[in-house]
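Hello,

Here is the structure we talked about. Please open it alongside this email, then read on for what turned up.

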Amino acid sequence: MAPKPKEKPKASAATAAISIEDLFTSLNRHIQRSEYEQAVKVSDQIIAAAPGDEDAIRCKVVALVKGDCIEEALVAIKEFSKKASSVDLSFFKAYCLYRQNKLDEALESLKGHEGSDESMLLESQILYRLGKMGASVDIYQKLQKSKIDSLEINLVAGLVSAGRASEVQGTLDSLRVKATSSFELAYNAACSLIEREKYKDAEQLLLSARRIGQETLMEENFADDDVEIELAPIAVQIAYVQQILGNTQEAVAAYTDLVKRNLADDSSLAVAVNNLIALKGPKDVSDGLRKLDKLIEKSDGPEKLQLARGLDLKLSQKQREAIYTNRVLLLLHSNKMDQARELVGALPGIFPGSLMPVLLQAAVHVRENKAAKAEEILGQYADRFPDKSNIILLARAQVAAAAGHPQIAADSLAKIPDIQHKPATVATLVSLKERAGDIDGADAVFDSAIRWWSNAMTEDNKLNIIMQEAAAFKLRHGRKEEAARLYEELVKSHGSLEALVGLIQTAAHGDIEKAEAYEKKLKPLPGLKAIDVDSLEKTSGAKHAEKGPTAAATEIYEAKNKDKAKKKRKRKPKYPKGFDPANPGPPPDPERWLPKRERSSYRPKRKDKRAAQVRGSQGAVAKEAASSSDTKSNQPANPKGASQNAGTEQPKASSKSRKKSRK
C-alpha cells in the first residue's frame, strides 16, 4: 500500500519535515520491493517522529500482514486503536482474525463496513469458510457489477461448494466469460461438471486447464518446479476423475507420483494422500497410517488432534472429515482399538453436528463384537435428531441384520418413510420379517406398498411387480384366496402371463371351474395335439426326447464333433534331447520310481555281531565266550544244520536312522 503524498510542512519544522519525507520515500521503496520487514522498521521511525500519522500506521499494519506476522499485526492494531482512535483499523482487524480462523470475531469486526467492495469480498470469504455457501454466493452476485479482478473465479467456486453447480454455465454466460479464459476458472468449471457427474467433459476441461496454466505460468517466468506446484490441484483432480471412471492404475500412478515428488501445495498433497489410501483400501494398512500420521498431529489446545501445516484452514470440512475417517478405518483394520477409540472420542468436538463421528463410533463397537451397543448408540441419535436420522437408521439396520437381529433391522427401516414404497425396501423388509417369524407383518408390508403404488401417479409404476411378489408370498404361506385375488387383478389389468399361470395354480386348489376357465386362455404349446394325455398318465414313465429345431441342431452339433474327433491329426511323439528312437538302448528300470527298500533287488545290510553290547562282569563274559568256543569246537561239522540255522536267523534293524532314497 503506497503512502499518500504529504503536504509541505511549515517553515518552523523544516528540518523534521525533510526527515519525514525521506522516511516516506524509503518506506515507499521498501513496499515496492516487497521488503516488508524493512517497511515495518521505517514505519516505526515515522510514527516515532509523527505519532498518529494515519498512513504510517496503515503501512505498518499492511506490512506485518504481508509478512505473515498476523499476531504482531493484531497487537499493533490494538495499540493504535487506543492511541489514535481517529484511525479506523477494523477492516484490517477482521482480515487478521480471518487469517487466524477466528471467523465469528472477524464477522463482528466487519460491522459498519458493509457498503464497501473490499469488506463485502472479505465477508463472502468468511462465510465461505464457515460453510455458509448460499450467503457467500449471494454477496458475490451483488459484486458482479463492481470491477473486481477474478471475481468470476470465486463466484463459480462458491456455486460449486453451495451445491448449485447447475447454475455455473448460466452465470458464465451472463458474465460473458468463457470457462477457458484462465486456468483457475477452467478448474472451477470442471469441478462443477464433476458435481453434475459429467466426468468425461470434466476430464477434457481439466486437461485444457493444465495446458493453459503451463503456458500462462511459463510466460510469467515461473520455474518448472513452481509451475508444477501451482498446477498440483489440477493434477489431483484429473487423477480423481480417472479414479471415478475406473482407470484405477492411472489414478494410483498419478497420486503416487505427486506424493513421491512432493511438488505440490500442502492441501493438494493431503488430498492426494487421502485419495490414494482410499483407493488402496486395507491392502497396505501400515503404509497408509504412516502417511496419515504426517497429516495429523496432537496439540495442547482444546482440540487434542488437528491437521498439521495449517491444513485446518486450507481444506474444507468435507476434506478434513474424510482424512479423519480414513484414519479411523485404518486403525480398525490394524486392530489398534485404543487409538481408534481415542480418535473417535475427539471427532464430535472437531466436527460438531456431523453424522460421521456417530457412524465411526458404531463401527468401533461392531469391530469389538458389541453390535447391541452400536445399535443402541445409533438408535439414540436417531431419536434425538429425527431430521438427520435417515443415514443413521440405515446404518442401524445394516448392523442389526449382520448381527442376526432381523426385527431391529426391520424396525429401523420402517422408520424411514421416504423409501417404504420402493421395491428394494419392500423386499428387504419382507425378508427381515420372515426371518423374525413375523409373517403377518411381512404381509402388511406388501399390502401397504400395493396401496401406495395404486394411488401413485408416476410413469415408472411398480404396482405389477409388487403385486406379483405379494401374490407369490401369500401363496407360499398358505393364503391362497388372497393370492388368487391378486393374480386375478394382475390378469385383468396387465394381462400378465406369469400372473395367469399363478392364478391357475392357485385356483386349482379350491375352485376347479375357475382354474379350467382361465386355463383356456393359455396359448396351446406346439406339438401337443397328437399326444393323448390319458394314455400318457397310465404309462410308468416317459423318456424325454427333444424334437424340433433344437433337437436337430443338437444332432448336427454332435455329428460335427464326431467328425472332428475322427479327423484328429496324429502328431509325432516328442523325445528327450539326444535320444535316438532307432537305438533306444536297454529299457529303463520299471522300479526306478520306488524307494530303494521297496525294490525287489534290495538287500538289507546285516548287523555286525561283533558290535553287540556286552552286559555283566568281565569274568562272566570271559566264561561265556570260553564256553561258547568250546561248544562250537565240540559240535560236529554239519553243513545241513548250518544251513538251517542260517535260514532261521532274521536280520535285525540298525539302530541308526536311515533316509529314504528316491533315486
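**An open pocket**

The second largest pocket has a volume of about 590 Å³. Please keep in mind that this is a predicted model. The pocket's lining counts 17 residues. Nearest its centre lie Phe91, Phe92, Tyr95, Glu118 and Leu122. Three elements, α3, α5 and α7, each give two or more residues to that lining. The largest share comes from α7, with 5 residues. By class, the lining of this second largest pocket splits into 9 nonpolar, 4 polar and 4 charged residues.

**The chain as a whole**

The chain has 663 residues, and 34% of them are buried. DSSP runs give 34 helices and 2 strands. Take the contacts between residues at least 6 apart in sequence: 47% of these join residues at least 24 apart. The accessible surface comes to about 43,400 Å². Carbon and sulfur atoms account for 51% of that surface.

**Nonpolar cores**

In soluble globular proteins, nonpolar side chains tend to be buried together. Where does that show up here? The largest nonpolar core holds 38 residues. Leu27, Ile46, Ile57, Leu89, Cys96 and Ile126 have the most contacts inside it. At least two core residues come from each of α1 (14-32), α2 (36-49), α3 (54-66), α4 (70-83), α5 (90-99), α6 (103-109) and α7 (117-129). The top contributor is α3, which gives 8 residues.

Look at leucine 27 in detail. Setting aside neighbours within four places in sequence, leucine 27 touches Ala39, Val42, Ser43, Ile46 and Cys59. Apart from this core lies another, of 35 residues. Its members include Val273, Val285, Leu305 and Leu311.

**A mostly covered helix**

Is helix α9 mostly covered or mostly open? Helix α9 runs over residues 151-161 and is mostly covered, with 8 of its 11 residues buried. The buried residues are Leu151, Ile153, Leu155, Val156, Ala157, Gly158, Leu159 and Val160. They pack against four helices: α7, α8 (133-142), α10 (168-175) and α11. Just after α9 comes glycine 163, with a positive phi of about 80 degrees.

**Two residues with positive phi**

Most residues other than glycine have a negative phi. Which residues go the other way here, though they are not glycine? One is glutamate 197, with a positive phi of about 65 degrees. Glutamate 197 sits in the loop between α11 (183-195) and α12 (199-219). Is glutamate 197 buried or exposed? Glutamate 197 counts as exposed because its relative accessibility is 58%, and the cut-off for exposed is over 50%. Isoleucine 244 is 47 residues away from glutamate 197 along the chain, yet their C-alpha atoms are separated by 9.6 Å.

Another is asparagine 335, whose phi is positive at about 60 degrees. Asparagine 335 is in the loop between α19 (317-333) and α20 (337-350). Asparagine 335 has a relative accessible area of 52%, so it is exposed too.

**A closed cavity**

Rolling a probe the size of a water molecule over the atoms shows where empty space is left. How many cavities of 30 Å³ or more does the structure hold? The structure holds 1. The largest cavity encloses about 60 Å³ of space. Its lining is made up of Leu276, Ile277, Lys280, Gly281, Asp284, Asp287, Gly288, Lys291 and Leu330. Two elements, α16 (266-280) and α17 (285-293), give two or more residues each to this lining. By class, the lining of the largest cavity has 3 nonpolar, 2 polar and 4 charged residues.

**Where to look when you open the file**

- Pocket: Phe91, Phe92 and Tyr95 are among the residues nearest the centre of the second largest pocket.
- Core: Leu27 and Ile46 are among the residues with the most contacts inside the largest nonpolar core.
- Covered helix: α9, with 8 of 11 residues buried.
- Loop residues: glutamate 197, between α11 and α12, and asparagine 335, between α19 and α20.
- Cavity: Lys280 and Asp284 are among the residues that line the largest cavity.

Best wishes

Note on methods: Residues are numbered from 1 along each chain as its sequence is written. This is a predicted model: local features need pLDDT of at least 70, side-chain atom pairs count only at pLDDT 80 or more; totals for chains, interfaces and linings use all residues. Side-chain values use heavy atoms; hydrogens and water are left out. Buried means under 20% relative accessible area, exposed over 50%, partly exposed in between (1.4 Å probe, protein chains only). Contact means heavy atoms within 4.5 Å. Accessible areas come from the Shrake-Rupley method with a 1.4 Å probe; for residues, only the protein chains shown count as cover. On a 1 Å grid over the protein atoms alone, a cavity is a set of points where a 1.4 Å probe fits but cannot get out, and a pocket is an open set with protein on both sides within 12 Å along at least five of seven lines; lining residues have an atom within 4 Å of a point. Grid points are joined across faces, edges and corners, and a volume is the space filled by probe spheres set on the points. Ala, Val, Leu, Ile, Met, Phe, Trp, Tyr, Cys and Pro count as nonpolar, Asp, Glu, Lys and Arg as charged, and the others, Gly among them, as polar. A nonpolar core is a set of buried Ala, Val, Leu, Ile, Met, Phe, Trp, Tyr and Cys residues joined through side-chain atoms within 4.5 Å.
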